[in-house]
Amino acid sequence: MNTLTQHTLSQSVHICLCFALSISFAGTTVAQSNYKAFELNRESNWDSLATEDMNGDGLKDLVFSHFDQSRGREIHIHHQTSDGSFSALPQRIEVKTEIIAVGFADLRSDPGTELLLFANAGVFSLSSLIEGYAGNLKPLLEWELIATVPDLERVSFVLSNTDINNDGYVDLLLPGRDSYGVFMGGANETFQLLSQISTANEQSNSAITRERGISADLGISAEEGISIKLSIETKTPYQDFIEQWDKPDEDTETLLRTENWMQNAVLSRLNDDELLDILYLNVGSDGLGQLNIHYQNASSGFNEDADWTGSIDVRGEIELADVNGDKLTDLIRVSNDGNEADARLYINEGGQFNLEKPSQVMRFSGYDVRLDFVKLTEDALPILSVNYYTIPVVGAIRNASLNRVQLLFDHNLEDTGQVFNRRPDARIEETFSAANVKGLSEQLSLRHDVDGDGRNDGLYITEDGYIAAKKMDSSLLIADEAFWEYIAAKSVFEFKVVKLNEDDLPDLILTHGSSSTVLVALP
């Protein structure tokens, strides 16, 4: 599977518990030790859980989709209170059958964030502070979306709304039947169609018609916007650079089936003008993958045709990240062949890329190789964190064990031909078997400052299913012992550090099997 990735249902609440917790910690550095905890039980606990300030009190609320056999689809909102807890009973908002997806944006002069309702022919706004739709629903724009058939039991969340041109208003990049529409927001909930861009080209369409037995399912993905799935009998040139996913249940599939499809367009900063640009992949005239860039003009928006194109090998996964700390988006291609993988880094050169000569090539021996670029302090250059798995032959035979390896590479300041050091500055290797499989669910993350000292810590899930943090020194060596630990009543499978209020303390959302624990830090 290849994706262009940028580094950003049936549910019911059974039990809601709020209580103050103390967290155990050790060492000389004092981490946050006092939290208010809220337990949220949902039948589909792994579906999207949004955090938005819906009533304008400066506190983030919990928002998720819910389905009831008698009521139909609903949006449930648990409002946060001033003491860090949440309302035990949710506010319920009906979702009309025409609605395909829901987004969030602060559009009205009234306090709080409004709901953006995406229908097949346009987008509407709805305030959660006003009961019902009458006198509340407001049409924002007309646009025929590429996905027109809603899921009758689930509402997808579109969380990618952003200020594209830095004017202080929310803008929208919407996939339509034939092209993407760039809608610039203005005062009083107004939107203007400024540009239209088609990510498909003649080569893309002709390549599809040459293939036999192809059908395409399209829809709005809760996490990544437009999603595409191809069902094929023969190999297609698109399978390496389109959004694909596994369908969980054939009976609940309600995506539109059509021959029209488009590659995913991504907003990202590619040059020095502080404006977001658009890039995407399709097929070039040479039959290979083609990277396309549309630069944003402050007055005229985006040109219909790409301003820059380049031929690229699309095997593997293509990712976007700021690799060298210049605040411009760089390109990374990771390809795997069995247990061998190589990562090619392409540094942004003024909004263009030399795709024939990568800035650095790094090779690894392992499975499921993943790269992350992290700034450990606000003014530091990014370091490279590489994670992968190896299978020891003897251990696999005796106790079905595997190793997880994490390599840390500091930024190379001496060799101008290399972005990161050739050899890792630190290495962490863990062995997992049936006895400690709980710790395998999440790798050590270096993206969060747990104790508030201005330097990121290593946050991870322990072998017992708890969440803990370790310190890291300036040479990238990680401490042997944790200085902070939260012991949950249930095993933690996933964690997210979030900002749920206006203080500077990190809050957390811990995901268990059938519930989530929301931890709001207290002073």
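This is a short talk on two sheets, two nonpolar cores and one aspartate in a protein model.

Okay, hi everyone. Before anything else, keep in mind that this is a predicted model.

Let's start with a sheet. It is open and has 4 strands, in the order β5-β6-β7-β8, and the pairing is antiparallel. Which strands stand at the edges? Those are β5, residues 50-52, and β8, residues 91-94. Each has a single partner strand, so one side of each has no neighbour in the sheet. If you go from strand to neighbouring strand here, they are turned by 35 degrees against each other on average, ignoring direction.

Zoom in on β5 and you'll find that it pairs with β6, residues 61-68, in the antiparallel sense, over 3 bridges. For example, Ala50 has Val63 in β6 as its bridge partner.

While we're in β6, have a look at Asp68, which is in that strand. Is Asp68 buried, partly exposed or exposed? Its relative accessible area is 23%, and buried would mean under 20%, so Asp68 counts as partly exposed. The Asp68 side chain reaches the backbone nitrogen of Arg71 at 2.9 Å. And here's a fun one: Glu153 is 85 residues away from Asp68 in sequence, yet their C-alpha atoms are 8.2 Å apart in space.

Now for another sheet. This one is also open, with 4 strands ordered β28-β29-β30-β31 and antiparallel pairing. Here β28 and β31, residues 426-432, are the edge strands, and since each has a single partner strand, one side of each is left without a neighbour in the sheet. The twist from one strand to the next averages 15 degrees. Between β28 and β29 there are 6 bridges, in the antiparallel sense, and Tyr367 sits opposite Tyr389 in β29.

Next up, the largest nonpolar core. How many residues does it have? There are 21, and the ones touching the most other members are Leu345, Phe364, Leu371, Phe373 and Val386. Several strands give two or more residues to this core, including β28, β29 and β30 from the sheet I just showed you. Domain 2 (198-234 + 261-365) and domain 3 (369-522) both contribute, so the core lies between them.

Take Leu345 from that core. Leaving aside neighbours within four places in sequence, its contacts include Val323, Pro358, Met362, Leu371, Phe373 and Phe420.

Last thing: there's a second, separate core of 17 residues, with Val450, Ile461, Phe495 and Leu510 among them.

That's my tour, thanks for listening!

Terms used. Residues numbered from 1 in each chain as written. Predicted model: local features only at pLDDT ≥ 70, side-chain atom pairs only at ≥ 80, totals over all residues. Heavy atoms only, no water. Pairing = 2+ DSSP bridges. Axes fitted to C-alpha atoms, helices over the stretch in contact; angles between N-to-C directions. Core = buried A, V, L, I, M, F, W, Y, C linked by side-chain atoms within 4.5 Å. Buried < 20%, exposed > 50% of the residue type's maximum accessible area, 1.4 Å probe, protein only. Domains from an automatic or database assignment. Contact = heavy atoms within 4.5 Å. Polar contact = N/O pair within 3.5 Å; in protein donor to acceptor, adjacent residues only side chain to side chain.
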